[in-house]
Amino acid sequence: MNHAEITHSQNSEDLPPLLHKAVEEVITGKYLNALLDILHFQSSNLWTADMLTKVMAYFHAREVTFTLSGLQISIESYLKNLLYQPRQLLSEFQQLDQQQFQTAMKYLFKSRKDHLEMGNIIIDWDKTRERLFQSSGLNRTLFLITLDKCFLALSALDCVDILSQILRVSAVNYLQPDVIGSLPNVLQEDAFRNLSTVFKDLYDKTSANTQRAVYGWMKRILQKSYNMSDFNESTSWVSAENLWILGRYMVHLPLEEILKTSLNEIRLFISYDNATKQLDTVYDITPELAQAFLERINSSGFDMKNTSTIYRQGCFSFSFMTVYGENKLGLLVCFYDDMEQMDAAVARALLHQMIKCNQLRGFQAEVQKLKSQLLNIAMKNQTLNDILGSLSDAVVGLTSSQLESLSPEAVHNAIATLNQVSGWAKSQVMILSSKYLSYEKVLSFYNISQMGALVTGISTQSFYSMNPKELSQIIRGTTSQYLPDLSPAQQQGILRKIAASGDFSSSVKDIQGAFFKEIPLSDLWKQTGYNCSMMKEKELRRSQALYLCELLSKKNYPVDLLSTGQLVKGVTCQVIESMGTDIFLNNFKFFENNLHLLSPYQVNCLAWKFWKASNTSIPPFLLLALPVEYLEYISGLLCVPFIESLGKTEMNLLNPSLHKKNTVLQKVQECLNGSIADEYDVDLLGNLICHLPPAFLHAKMSLRAMATALHQFKLCRQLSHEQKTEIIYKLLELYGSPNNWTAATTLDVGPFIALLSKGELNFLAEKFPDIILQIAKTIGPISSAEELLSTVFESVFNATAQIESSLTRPDCLGTRAPSSDEIIKLAEANVFWSVQELKCMDAGTFDKNVELLGSISGFNSSQLIALKEKAKQVWGSLPGWKSYHIVSLGRIALALTEYEIKELDLHSVDTISVLSQQTEWTLPQARSILQGFLEDSGQTISTLKSFDLVGLGAILCALNSTEIMSIRTAEFSAAVGRIGLLLCSTPVLRQFKKMTESVFGTATSWNSSVLQEIGTIAGGLNADELKAFDKNLMPYFQPIAIRGIPPEIFQALSPEQITNLGPENAAMVTRLQWEHLNASQLQSLQLALDGTRTSTPETQNSASTTQAVQTPAPGGE
């Protein structure tokens, strides 16, 4: 033996076997194996001071040059790289021996150590573990490796605990049917129950096919544990205990399995204390399955017409439906259909329990029909006044004429029930509130606190007439939860009364949440005593945030502003620029956590600040806010954090420029090596998958990736038709012909079925009519899914018994009339009723469904006219229509001519507030509404209050210049934030601009918060006023205002002003505006779109020095 061999032999003898193994693994580059062996060694051995000396001597003997610091850097670099390569991590985990795997699981899931120490080598284990659990790709690896190795290495209970931890912190999109298939088929009872509980908790997050797969796995294990000696074809493995273990998965039991389940087991299951809770969650049960369960429950000896079955303990009062105890039948009650010889008490008990039926996934038409039948039984020999309080949410099904017939006393007595009901239509709330308040006589804080959701029916004028101290109590009390549901006019009415009382300063402190956004900027100016902590629970408009930030920054550090909720919206670029480097980097997390509150301009400022402060550690997603040249820095290991951070962010927020978006997507495709190969690429992409171009989806996305991506695609909000087309092609490749699809596959494909051919849709509608109905309800207007909606219409039309019109008019003989059931089922698909069919609709059907019909966006003018004429038939002549009639019309009101509008009673601003929400009024119609309101309320333009202006909304665009100038300044000032949202013509905006100057001073004196407050009104500036604005104010024009500036005015902007528009405003420039710009202005516009730096001269000089060294200089700097 030579000298080196002898030394190597001696050194290896000096090292304990496990440490010797670990050192050899370090030499061969198996750092993970080595790390785990050393950790295991340390768990039972003391790491002595000479241990590291022996290790280094061993390296030297093996002629491996390692320094201690070099070894630490190598391990850290290896771990960092591994944490961005989940496939590689999976491969390395698969090569671990059993002991190493056990050690890995211990330190990942059991140990609470922040750092791992191996002599002088220290690893930040907390950070490593955090990274592992935050990445969906790494989570997938942990899940797969646990499934693959854990049940062989650890106890089943430990493995289930580990799986539970992984599943609860993940997006569970890796729970695909094939993965469920690899779950162990033999598990000890406790482990099986624990894992079943996890799957039950994750039910709603998983796909329908995965739910079926989990049910199949549970069934296999439960069948094995069932006493098979008693098992034959006529008996079922479904015991009471197995039903309980299945939980929500019981909805996947076949019908025949339920029908042969032992009646003793059914009786036992229903008697369980937790059976009710379970049956309350079967949201996706079908009527057939529910009725099978009900039949077995009934046959098992329970008398379901006995109220003690409906209530576990029968102590309840019908007058207020105060029920003590639980409903045994859960959601099964929604499908109860045995009405024979039912008495009124049972009907009322069932109605109370049906309050939960709106949680069902579909079948609402059937539920409404059942409620209607029960309502009729409940009212036998009694008046509606007598039993109103015992009808639960079935009262929502009452028509406006039925509600109008109620006495104020009856509404008062039933308020404890009525205030808990949800799903009211606006017209119903108006009627009930009016009845309740007419009984109470005086509108007080106490009376309002009793009303619950009905508070939204109180008129604006009533709020304004209240005692301001009572109003202040509403803002502070529990009723404040309903304030965001009030109309802007109602909110304005409350604020104006409080503001006029002199108690506004203390009230401002108490106004929380979204209601605070309604406070006008001019009112905030008048108050004092603001501090940061006061702002924590308030939602702010950007104009409010800009003002408050400027005010509070005089006495607070920027960090205090950043850490206070929505104040971050008002942090200007000057504030960001002025922050010291260390302070900025240490507090960047406040910006990052509130990214959704920032404007693209603020994000652009952040990106430049970070680049200047530390370009080596800049979060990759911020590079998107910089000019496209900076994307060249993204390559190699930076690719993964770049894509991952973009996938967790809203891309349009970072930069809304279409050109840059395309460049970014090109970089993303490069980083993915030109394809989406598998589920790991889908994990990495996150939301970014929504932006990938159709051609890339077509050619570069594998079917394996598509199976995982489907869930993510369904979350995308703005897929183009071309993207959807490529997605459905991939799904057809993946799942085959729709003729062979299962119910689960149809549910999983969901809204993408709208892209199938008419023939394929017809086939699915025939095979799975309920599922197609359910999917169609989630689809938007007809323009996005005409074929699907027409298929739904035909399916419902053909499935319903032909009901001829009850009208005896000659033109309705033989005409099919729409029924309530059909109207509820069809939703947007109601657009396919012919004009003649709508004309022949039964009066009761129209009265019951007018709100739904008025909400349908696809009706054409002929259909709307037919419905308007129907309203006249049902409600009588126009002068007799009440406010609630007009409000319930929705889009049907658009069919009213200007002459018909003059006949209506339009005295209430709340009626006007609802009418103004329609965006399709002609100018003559709008003028008619305005004149009708003024005449009927006895007002002139000069007497209008701010809440009147807010209620008029878009109708204000019909004002002429004289009328606008006669609005009182104080009232305009309070409403200007709302008026600034209107898209009026340029002449109208010019007059509003003049009014704005009477509030905020001449246009040239406006600051950033004023520009934000006035919104579209800035579109009324003339050329001289526009070009007089300081370039630093350009980002504070609202994007909607930029779009509204006439092209001939817009061209007056200087190149410097255009460069400073900021990326969001630059992206709003219209084609016509663009065509009016010269070459220099167009170059400036491109710089703004790119996010080019627009700093003060001194910072620009230092910035350009940095860029000259490190980046290709972005053009124009």
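This section describes the overall dimensions of the chain and then the local packing of selected helices.

The structure is a predicted model. The chain contains 69 helices and four strands. Along the principal axes, the C-alpha trace extends over about 115 × 90 × 55 Å. The radius of gyration is 34 Å, which agrees with the value near 32 Å that would apply to a compact globule of 1117 residues. Of these 1117 residues, 54% are classed as buried. When contacts between residues at least 6 apart in sequence are considered, 70% of them join residues at least 24 apart.

Two helix pairs were examined in terms of their packing geometry. In the first pair, helix H2 (residues 17-27) packs with helix H3 (residues 31-44) at an angle of about 160°, and the two axes lie 8 Å apart. Because angles over 145 degrees count as roughly antiparallel, H2 is assigned a roughly antiparallel orientation with respect to H3. The crossing of H2 and H3 is left-handed. On the H2 side, the contact is formed by Leu18, Leu19, Lys21, Ala22, Glu25 and Val26, whereas H3 contributes Tyr31, Asn33, Ala34, Asp37, Ile38, His40 and Phe41. Classified by residue type, the contact of H2 with H3 consists of eight nonpolar, two polar and three charged residues.

The second pair comprises helix H10 (residues 156-168) and helix H12 (residues 189-201), whose axes come within 8 Å and cross at roughly 10°. Since angles under 35 degrees count as roughly parallel, H10 and H12 are therefore described as roughly parallel to each other. Residues Ala156, Leu157, Val160, Leu163, Ser164, Leu167 and Arg168 of H10 form the contact together with Asp190, Ala191, Asn194, Leu195, Val198, Phe199 and Asp201 of H12. The contact of H10 with H12 includes nine nonpolar residues, along with two polar and three charged ones.

The region around helix H4 was also considered. Within H4 (residues 49-61), the buried positions are Met51, Leu52, Val55, Tyr58, Phe59 and Ala61. Just after H4, the backbone at Glu63 adopts a positive phi of about 60°.

In summary, the predicted model has a radius of gyration in agreement with that of a compact globule. With respect to the two helix pairs, H2 is roughly antiparallel to H3, while H10 and H12 are roughly parallel to each other.

Notes:
Residues numbered from 1 in each chain as written. Predicted model: local features only at pLDDT ≥ 70, side-chain atom pairs only at ≥ 80, totals over all residues. Heavy atoms only, no water. Axes fitted to C-alpha atoms, helices over the stretch in contact; angles between N-to-C directions. Parallel < 35°, antiparallel > 145°, perpendicular 65-115°, else oblique. Left-handed = near helix turned anticlockwise from the far one by under 90°. Contact = heavy atoms within 4.5 Å. Nonpolar A, V, L, I, M, F, W, Y, C, P; charged D, E, K, R; others polar. Buried < 20%, exposed > 50% of the residue type's maximum accessible area, 1.4 Å probe, protein only. Rg over C-alpha atoms; globule rule 2.2 N^0.38 Å.
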